[in-house]
Amino acid sequence: MKDLQSNARIDGSRLWDSLMEMALKGPGLRGGCNRQTLTDEDKEGRDLFKGWCEAAGMSVSVDSMGNMFARLEGTDPDLDPVMMGSHLDTQPTGGKYDGVLGVLAGLEVVRSIRDQGIKTRRPIVVVNWTNEEGTRFAPAMLASGVFAGVHTQDWAYDREDAEGKKFGEELARIGYKGDEPVGQRKMHAMFELHIEQGPILEAESKDIGVVTHGQGLNWLQVTLTGQEAHTGSTPMPMRKNAGLGAARITDLVHQIAMSHQPDAVGAVGHCDYYPNSRNIVPGKVVFTIDFRSPSFDTQTDMEQRLREGAAKIAEELELGLEIEQVGHFDPVTFDEGCVTAVRSAAERLGYSHRNIISGAGHDACWVNKVAPTAMVMCPCVDGLSHNEDEDISREWATAGCDVLLHAVLEYAEVVEE
């Protein structure tokens, strides 16, 4: 076992080639990807992944939320498996690595295990979770949330995109509405490899981020209702300008987040103006606030202050106000044993590493509710993500996948021969 732990490595070139080939499914306009969930492009990516898994000796099954599970049998198939994976869906202007690295690294782990003749007592499963991004169907991490019992399946099926198409109908349309009841699958543990989506690891020249916690997330969709009016002929004091209200609340979001430094963040990333015409004072604005913090108390305080401040702004400007929570999860503490396995693997392999808090939400955050879970992170250039210019190096991807390999082998229990 000691020789295995020090010598086993993945094939970094094969992993990189897989990433580049997957990027051709739903290519973006500037070198990234547009493979939004349950689109034809998503189906193409799923089909490619399924074919690769079957060629690597795995059986592939799909549950009723479209989650894909590729299983490599262990010597004791009755034991709960060790899982690893992430998601294949992307933002509309997404990069080639966000989520995808975690899925294809899982595939590469299995390929490398088979190449090197390694056998494990426990089965190993690579998973592709459906609709992690939440860009087409809110909220994010939808299918892993249903798997963990956070959302009901019927509620998830009724989520609609901007064109009024329902999640359940689109899942069936692309042929990935499986028969396996969601959430019935058991697991011994799960590991997720992901790019950091932040600048810390690169700035500190660290190969590996050992993720100990995940920030809580709170998405608040705000609807302000005023009165449409001509921008040229309506006196300023007589306007009910929903756009002005949105601007003031956006500034309030920034002030609230800044008051909880260094860890809290907040921003408005989505905003729709109605009727969105150059010479009409907007009568309605719908926008979403994204608050995040690793502290539950901070998360609660930010929402309370936002609601109070937004109500005051709306009253001053004579605007109608509605606030709906469209996404939420509490701060996450990952399993100590799994975290230790990640840290120990990095140390054995000679990779520099540091503890880190994930600033983004991930499927692992929900899975952590039902099974021991941990995450591995690798750097990304300038911390850039959710952008077609997102970039990592082959060496970073290889290091992260090597650590994933060793953490999974520890939990899957290598059979000595």
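A salt bridge is counted where a side-chain nitrogen of Lys or Arg lies within 4 Å of a carboxyl oxygen of Asp or Glu. In this predicted model, the count by that rule comes to 22 salt bridges, and three of the pairs are set out in the table below, with the N to O separation for each.

| Basic residue | Acidic residue | N to O distance |
|---|---|---|
| Lysine 43 | Aspartate 47 | 3.2 Å |
| Lysine 50 | Glutamate 54 | 2.8 Å |
| Lysine 166 | Aspartate 158 | 3.7 Å |

Helix H3, which spans residues 40-55, holds both lysine 43 and aspartate 47, and these partners stand 4 residues apart, about one turn of the helix. Lysine 50 and glutamate 54 also both belong to helix H3, again with a spacing of 4 residues, or about one turn.

As for solvent accessibility, lysine 43 counts as partly exposed because its relative accessibility is 31%, and aspartate 47 is likewise classed as partly exposed, at 35%. In the pair further along the helix, lysine 50 is partly exposed with a relative accessible area of 30%, while glutamate 54 falls into that class at 41%. Lysine 166, whose side chain meets that of aspartate 158 in a salt bridge, has a relative accessible area of 27% and is therefore partly exposed, and aspartate 158 counts as partly exposed at 42%.

Beyond these pairs, a network of salt bridges links Asp40, Arg136, Asp161, Glu170 and Arg173.

Note on methods:
Residues numbered from 1 in each chain as written. Predicted model: local features only at pLDDT ≥ 70, side-chain atom pairs only at ≥ 80, totals over all residues. Heavy atoms only, no water. Helix = DSSP H or I, 4+ residues; strand = E, 2+ residues; numbered from the N terminus. Buried < 20%, exposed > 50% of the residue type's maximum accessible area, 1.4 Å probe, protein only.
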